[in-house]
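User: I am new to this structure and would like a close look at a single part of it, with the surroundings explained as you go. Please take your time over the terms.

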Amino acid sequence: MSAAGIRIEEVSRTYAARGRQVHALGPISAMLEAGRTTAIVGPSGCGKSTLLRILGGLDRPSGGRVLLGGAPVREGMPGVGVVFQRDLLLDWRNILDNVLLPAQLQKRDLTHAVARAHALLGELGVGDFTDRQPWELSGGMRQRVAIARALLCEPSLLLLDEPFSALDALTRDQMGVLLQRVQGDGRTTAVLITHSIPEAVFLSDRVLVMSARPGLILDDIPIELPRPRTLAMREEPAFAGLTRRIRMHFERTGVLTG
Amino acid sequence: MSQPRAASRSIGATAAEGAPGASRGAGILLPLLSGIGGLGLWELAVRGFDLPSYLLPAPSEIAVVMAEKAHLLLDQLQYTAFAAVTGFVIALIIALVLGALIAASPAVERVLYVWLVVFHAIPKVVVAPLLLVWIGFGLKSSIIFVVVFTFFPMLVNTVTGLRSADPDLLLLTRSMGGNAWQTLRTIRLPSAMPSIISGIKISITLAPLGAVIGEFVASNKGLGHMLIQSVGSLEVPTAFAAVVVVSVLGIITWYLAEYVERIAIPWHASQRGRAEE
């Protein structure tokens, strides 16, 4: 499936909490180019995850609309892969069966899916654990399986909701490198939600910086670092300059101090 | 769905854990010694205080009666076990179907809830004489009594289990385009299994009890009837023999439930590592 661009048109989200209306997000507008990775960074509670769910058709905006490849997004549309903060592996399925879940739910050809699952798990370094149960794997390994599951059906849109936030720093770095490798060369449009400024710069082609609630886009920063990116690139001045530019937004708005 | 391999032992396992054979030996030996010791004390107490058998028969006397009346006891056991198993299976089916309906529809819950609370609040033993009036003597009354006794824990646990699926897992299946049936099959039902099995474990031990109480009042056969008859004619050793058989039935059903639990939810935290035992 080829990558599809996302058009976000005046999207806002308001929800009721304890009898009052909370304005959580927007209105925001943006065009996320096909085949590119866009990172969204912002403080806690700014509506990043809400926006991601709206992009995936898992939540409805209170105002505005989202178009994927020109068509309005809807829940359960084919060609969307999601990686959540928690790996959400099913304890009652082994690793291979966990990865095959989307293919089974979407009634796809399982022979092809099994071959692709093995290939993805191998590429992600967990190919020797296909018959293991999720609880036998470490947090990093489990999250690799979750990424393989999201990529199984070759999604045109990959949504990543703080996928590495529960991992230790070393595993996190390694996961970033692995994600680049398996994401494909321009075949997938990816949206990454993260709290980590270096992670956003390292993995994306563009960073949207969001304000505190209600989340609005403060800055739109193109990341023009060459690909494939290596961990050593994070020590280069260009990388540091980009992270500084993002950090300054949070310092200016009081999200970061000191 | 594939079954898991036995979970590997953790690096921090203790020396005792590291010697499964010795651990298993102690696991069998200690309860055995405890049982034999208890029976020995009972025997000594009866002989020492010269207690008459119509008050408290010695274990040896009960054993003799059990050997003499083995055929009769087995016959009664068959009757009671049939009532217990049949009633339990009927209750399980009703609890699963009703539980799924209640979990799926708040409207169904609102309609049924008050009746279920009333049903649960009524002391079950009080219902027994009424069953005699409504259904009459015999197996049917015993089976219905087992259903009444065992139904509620399984219903409550089924509803709780089906409602306690992780919302993020439900969101995950929605993101993959899973429909309601697929979500029930792949997420809700497996998530509910530990709770459903807990309900089954509670109810399965109540099943022989329900059958026996049913037989007290509404049957001319079965271990419950034998028990009440023996007490009435002061054949206390026979009554004790019937109690022993009922207890054995309860123990067997409990271990059966444990076995079902291991087969049904080997992935659950409570079962991990037990595959090695």
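Analyst: What follows looks at one pair of packed helices, after a short view of the chain that holds them and before a single proline elsewhere in that chain.

This is a predicted model, in which local features need pLDDT of at least 70 and side-chain atom pairs count only at pLDDT 80 or more, while totals for chains, interfaces and linings use all residues. Residues are numbered from 1 along each chain as its sequence is written, chains are lettered from A and ligands numbered from 1 in the order in which they are written, and side-chain values use heavy atoms, with hydrogens and water left out.

The secondary structure of chain B comes to 11 helices and 0 strands, where helices (H or I, at least four residues) and strands (E, at least two) are DSSP runs numbered from the N terminus. Of the 277 residues in chain B, 39% are buried, a word that stands for under 20% relative accessible area, with exposed meaning over 50% and partly exposed in between (1.4 Å probe, protein chains only). An unreviewed UniProt entry carries the annotation "domain: ABC transmembrane type-1" for residues 77-257 of chain B; such annotations may be inferred rather than shown by experiment. That span is 89% helix and 0% strand, and its end C-alpha atoms lie 19 Å apart.

Two packed helices are described by the angle between their axes and the distance between the axes. Helix 5 (residues 106-121) of chain B packs against helix 7 (residues 139-163) of chain B at an angle of about 140°, with the axes 11 Å apart; axes here are lines fitted to C-alpha atoms, for helices over the stretch in contact, and angles run from 0 to 180 degrees between N-to-C directions. From helix 5 of chain B, the residues B:E109, B:L116, B:F119 and B:H120 meet B:V148, B:F151, B:F152, B:L155 and B:R163 of helix 7 of chain B, contact meaning heavy atoms within 4.5 Å. The residues of this contact divide into 6 nonpolar, 1 polar and 2 charged, with Ala, Val, Leu, Ile, Met, Phe, Trp, Tyr, Cys and Pro counted as nonpolar, Asp, Glu, Lys and Arg as charged, and the others, Gly among them, as polar.

Elsewhere in the chain, B:P237 has its place in helix 11 (residues 236-264) of chain B, and B:P237 is buried, with a relative accessible area of 10%. Leaving aside neighbours within four places in sequence, B:P237 is in contact with B:S53, B:P57, B:E61, B:I62 and B:V65. The C-alpha atoms of B:P237 and B:A63, 174 residues apart along the chain, are separated by 8.9 Å.
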